[in-house]
Amino acid sequence: MRILIEVPTYDGRISQATSQSLWRLDRCGHEVDYKPRQGYGCAMARNRIAADALNAHYDRVLMVDNDIELPQDALRNLLEHDQLIVMGYYLNRYARGKHKFTTLYRTGFAWDMYAADELLKLRDEGEHLIRVKGGGMGCALFDPAVFAMLDFPWFEWTDLGRTALDEEDAYSCYDAFQSGGEDINFCVRAANHGIPIYADTRVACGHEFREVKWPE
């Protein structure tokens, strides 16, 4: 299997933790190509990654954000399910500083995230593949066929048209949900086309804040 791993960046910079985790990643005997992909914004970089995967006829493409540390078996576990979209997860940086909530959403995009301990409990109980509404794409494996199913641009930063925020929301994750973003917008579009989105509860990634944070 030919797999493309690309990191969307603005200026080509990738954190040391991200770079080291990609170096250590178990490639499971597959042919894996890796490179950073620049864009003026994250949506542009993701569109270029998707185009790279389609144009070069890769079997899978893994998008990894430049502040995410992957577990060594992340690729192996994501590939195991043979789904169109499978995500890992990490802690949400906007969750009121409590580092409790993750970037996976159950049935909606406003305060409907899984808590880290819920996902780790599912993992320990052997429930490794779960269907989700969507999530952040700091660790997301795609079958490039997904992009052939959708119109370009695949990723676009959009406001989901929610109500205005007040000052109390300035430091909450509510602000992030209301703005939508290119990852949530993509998840909405995929759902509208009947494309299911899954997550693997074993692929718990580190997210670099002032230091790397892991679900626990």
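**A tour from Glu182 outwards**

Select Glu182 to begin: with a relative accessible area of 6%, this residue is buried. Keep in mind as you click around that the model is predicted. Glu182 sits in helix α7. Now show side chains and pick Arg46: the side chains of Glu182 and Arg46 are joined by a polar contact of 3.0 Å. To see what else touches Glu182, leaving out residues up to four places away in sequence, add Cys42, Ala43, Phe155, Glu156 and Trp157 to Arg46.

Next stop, Phe186. Not counting residues up to four places away in sequence, Phe186 touches Ile85, Met137, Phe142, Val146, Phe147, Leu150, Trp154 and Phe155.

Which residues touch the most other members of the largest nonpolar core? Colour these: Ile85, Met87, Met137, Phe142, Phe147, Phe155 and Phe186, out of 33 residues in that core. For the elements around them, turn on the cartoon: those giving two or more residues to this core include α2 (42–55), β5 (85–89), α5 (145–149) and α7 (181–192). Helix α2 provides the largest share, four residues. There's also a second, separate core of 20 residues; Val32, Leu75, Leu79 and Leu141 are among them.

Finish at helix α1, residues 16–24, and select Ala17, Thr18, Ser21 and Leu22, which are buried. Why do these four share a side of α1? Because they cover an arc of only 130° around the axis, they end up on the same side of the helix. Spin α1 round to the face turned away from its buried side, and you'll find the exposed residues Gln16 and Trp23.

Note on methods
Residues are numbered from 1 along each chain as its sequence is written. This is a predicted model: local features need pLDDT of at least 70, side-chain atom pairs count only at pLDDT 80 or more; totals for chains, interfaces and linings use all residues. Side-chain values use heavy atoms; hydrogens and water are left out. Buried means under 20% relative accessible area, exposed over 50%, partly exposed in between (1.4 Å probe, protein chains only). The arc is that of the directions from the helix axis to the C-beta atoms. A nonpolar core is a set of buried Ala, Val, Leu, Ile, Met, Phe, Trp, Tyr and Cys residues joined through side-chain atoms within 4.5 Å. Contact means heavy atoms within 4.5 Å. A polar contact is a pair of N or O atoms within 3.5 Å; within protein, one must be able to donate a hydrogen and the other to accept it, and residues adjacent in sequence count only if both atoms are side-chain atoms.
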